[in-house]
Amino acid sequence: MNNPRSLLLRVVFVCIITLPLFAYSWFSARYSYLQQLTEMYQCEKDVCEADFDGDGVLGRVVIERTNNSASADASRLVVTDGGQEILRLPYAYLDNTFRTHIAVIKGTGNKSQLLIFDGTRGRQDVTKAVYEWQSGNMIRTSAVPIEMEILTAMAAHDDAGKWLWWSLFRAFSVSLLLGYYIVLACIIVGFIVRHRIRLSVDRPN
């Protein structure tokens, strides 16, 4: 039977070899999933359509931009449905990765919900909000798990969220993983060579 120390060493050895690869695979799959969510739900245009009140007629999400370059948040996000304005919020755009992010997802009763991620006022004042139609108005409500995932996906593409972290991961993860296994292989080869040399020295003539 294998003694406990030998078994523990084998488990540690397997973990050293496999865990970095599993971690890389998990983070890669996670980023791909978040990217897919943004492509499916995020509104990238100045005008997006959705049925917020569930009457079967599409409403609109419109970005009313301003030419006032002195104020990054002088523009407005305006939601209309049923021929009336039902929501008006500040909209800021500094660049493509530092701005107000908007997504639309269909909720219950065929009513669409509006999701907002906005970190343009600083990391201490980040907005993660879900708005839905209730009693004639767009009311801020709690996010369900899929909505939290969409908000996380939008945060992953913003400087106030995890954009820097994911950029570093995509830029350096493969190189670091390759470097890790090259170093590990050198250590293993060095250990084997040293062990064989020791055996040859200890072997009686």
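**Group meeting: a walk through a predicted model**

Arg 5 is exposed, at 67% relative accessibility. Exposed means over 50% relative accessible area, buried means under 20%, and partly exposed is in between, with a 1.4 Å probe and protein chains only. Arg 5 sits in helix 1, residues 4-41. I will come back to this residue.

Ground rules. This is a predicted model, where local features need pLDDT of at least 70, side-chain atom pairs count only at pLDDT 80 or more, and totals for chains, interfaces and linings use all residues. Residues are numbered from 1 along each chain as its sequence is written, and side-chain values use heavy atoms, with hydrogens and water left out.

Now the layout. How many helices and strands does the protein have? Three helices and nine strands. These are DSSP runs, numbered from the N terminus: helices are H or I with at least four residues, strands are E with at least two. The order from the N terminus is α-β-β-β-β-β-β-β-β-β-α-α. Put simply, one helix comes before the nine strands, and two helices come after them.

Overall shape next. The radius of gyration of the protein is 26 Å, whereas a compact globule of 205 residues would be near 17 Å. That radius is taken over C-alpha atoms, and the globule rule is 2.2 Å times the number of residues to the power 0.38. Along the principal axes, the C-alpha atoms fill a box of roughly 100 × 45 × 25 Å.

Back to Arg 5 for a sense of distance. Asn 110 is 105 residues further along the chain, and the two C-alpha atoms are 61 Å apart.

Burial and surface. Of the 205 residues, 32% count as buried. The exposed area is about 13200 Å², with carbon and sulfur atoms supplying 59% of it. Areas come from the Shrake-Rupley method with a 1.4 Å probe; for residues, only the protein chains shown count as cover.

Contacts. A contact means heavy atoms within 4.5 Å. Among contacts in the protein with a separation of 6 or more, 48% join residues 24 or more positions apart.

Charges. The protein carries 21 positive and 20 negative charges, and their mean positions are 17 Å apart. Lys and Arg count as positive, Asp and Glu as negative; His and the chain ends are not counted. Each charge is placed at NZ of Lys, CZ of Arg, CG of Asp or CD of Glu.

On to the cysteines. A disulfide is a covalent bond between the sulfur atoms of two cysteines. The rule used here is a pair of cysteine sulfur atoms within 2.5 Å. By that rule there is one disulfide. Which cysteines does the disulfide join? Cys 43 and Cys 48, with S to S at 1.7 Å. The link is right-handed, with 90° about the S-S bond. Both Cys 43 and Cys 48 are buried. Cys 15 is partly exposed, because its relative accessibility is 33%. Cys 186 has a relative accessible area of 52%, so it counts as exposed.

Now the helix at residues 163-202, helix 3, which holds Tyr 180. Is Tyr 180 buried or partly exposed? Partly exposed, with a relative accessible area of 32%. Leaving out residues up to four places away in sequence, Tyr 180 touches Ile 16 and Pro 20. Its C-alpha atom is 9.6 Å from that of Ile 17, across 163 residues of chain.

Into the strands. Gly 107 lies in the loop between strand 6 (98-106) and strand 7 (112-118). Its relative accessible area is 26%, so Gly 107 is partly exposed. Beyond neighbours within four places, Gly 107 is in contact with Ser 112 and Gln 113. Gly 54 is 53 residues away along the chain, with 9.7 Å between the C-alpha atoms.

Thr 127 belongs to strand 8. At 15% relative accessibility, Thr 127 is buried. Its contacts, neighbours within four places set aside, are Ile 116, Phe 117, Asp 118, Arg 121 and Arg 140. Thr 127 and Phe 117 are 10 residues apart in sequence and 5.5 Å apart C-alpha to C-alpha.

Last stop, Ser 135. Where is Ser 135 found? In the loop between strand 8 (127-134) and strand 9 (137-141). Ser 135 is not a glycine, yet its phi is positive, about 55°. Ser 135 is exposed, at 77% relative accessibility.
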